[in-house]
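Here's a friendly walk through one protein chain, in questions and answers. Take a look at it first, then read on.

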Amino acid sequence: MTRKENMLREAVQKEYLCNGKYACSERDYCRFCEGKNTAHDCDYECYADEFAKGFDAGWDACLKYLGEIPWNEAMNEICNR
């Protein structure tokens, strides 16, 4: 699993409280926990798949931006955030 995939998984679990006090009963099947199904396959009211699309878009946009500016500016952006 890539760093991006790990961070996405952590972000989804934090946002949707997958392992929280009222944990999702479909964790064994959902791709954001232990399974392979989409969130909608497990629970039609879960919007983790849409959240994941936004996460991916933001991640890709950030990397593209950092790749287009000089290295020292990119390091400043990373270190000062």
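Accessible areas here come from the Shrake-Rupley method with a 1.4 Å probe. Keep in mind that this is a predicted model.

Q: How many Å² does the chain expose, and what share of it do carbon and sulfur atoms supply?
A: Rolling that probe over the chain gives an exposed area of about 6,300 Å². Carbon and sulfur atoms supply part of that surface, and their share is 52%.

Q: What pattern does the chain follow along the sequence?
A: Start with the secondary structure, which comes to four helices and zero strands. Reading along the sequence then gives the pattern α-α-α-α.

Q: What radius of gyration does the chain have, set against that of a compact globule?
A: The C-alpha trace spans about 45 × 20 × 20 Å along its principal axes. For a compact globule of 81 residues you'd expect a radius of gyration near 12 Å, but the chain has 16 Å.

Q: What percentage of the residues count as buried?
A: To count as buried, a residue needs under 20% relative accessible area. Of the 81 residues of the chain, the share that passes is 21%.

Q: How many positive and negative side chains are there, and how far apart do the centres of the two sets lie?
A: The chain carries 11 positive and 16 negative side chains. Take the centre of each set, and the two centres lie apart by 4 Å.

Q: Which residues are linked with K4 in a network of salt bridges?
A: A search of the whole structure finds five salt bridges. One of them joins the side chains of D56 and K4, at 3.7 Å from N to O. D60 also forms a salt bridge with K4, the closest N and O atoms being 3.0 Å apart. Put those together and the partners of K4 in the network are D56 and D60.

Q: Which helices does the D60 and K4 salt bridge link?
A: In this salt bridge the closest N and O atoms of D60 and K4 are 3.0 Å apart. The pair links distant parts of the chain, 56 residues apart: D60 sits in helix α3 and K4 in helix α1. So the helices are α3 and α1.

Q: Is K4 buried or exposed, or something in between?
A: Buried means under 20% relative accessible area and exposed means over 50%, with partly exposed in between. K4 has a relative accessible area of 22%, so K4 is partly exposed.

Q: Why are K64 and E68 separated by about one helical turn?
A: The side chains of K64 and E68 meet in a salt bridge, at 3.9 Å from N to O. K64 counts as exposed at 55% relative accessibility, and E68 does too at 57%. Their separation is about one helical turn because, in helix α3, they are apart by four residues.

Q: What is phi of L17 near?
A: L17 is found in the loop between α1 (3-16) and α2 (39-42). L17 is exposed, with a relative accessible area of 54%. Its phi has a positive value in a residue other than glycine, near 50 degrees.

Q: Which residues does Y47 touch, not counting residues up to four places away in sequence?
A: Y47 lies in the loop between α2 and α3, and is partly exposed with a relative accessible area of 47%. Touching here means heavy atoms within 4.5 Å. Leaving out residues up to four places away in sequence, Y47 touches Y16 and H40.

Q: How far apart in space are Y47 and V12, C-alpha to C-alpha?
A: Along the sequence, Y47 and V12 are 35 residues apart. In space, going from C-alpha to C-alpha, the distance is 9.6 Å.

Q: How far apart in space are S25 and E77, C-alpha to C-alpha?
A: S25 is found in the loop between α1 and α2, and is exposed with a relative accessible area of 64%. S25 and E77 are 52 residues apart in sequence. In space, their C-alpha to C-alpha distance is 40 Å.

Q: What distance separates the C-alpha atoms of R81 and Y65?
A: R81 is found in the segment after α4 (71-79), and counts as exposed at 77% relative accessibility. R81 and Y65 are 16 residues apart along the chain, and their C-alpha atoms are separated by 15 Å.

Terms used
Residues numbered from 1 in each chain as written. Predicted model: local features only at pLDDT ≥ 70, side-chain atom pairs only at ≥ 80, totals over all residues. Heavy atoms only, no water. Helix = DSSP H or I, 4+ residues; strand = E, 2+ residues; numbered from the N terminus. Rg over C-alpha atoms; globule rule 2.2 N^0.38 Å. Buried < 20%, exposed > 50% of the residue type's maximum accessible area, 1.4 Å probe, protein only. Lys, Arg positive; Asp, Glu negative; His and termini not counted. Charge placed at Lys NZ, Arg CZ, Asp CG, Glu CD. Salt bridge = Lys/Arg side-chain N within 4 Å of Asp/Glu carboxyl O.
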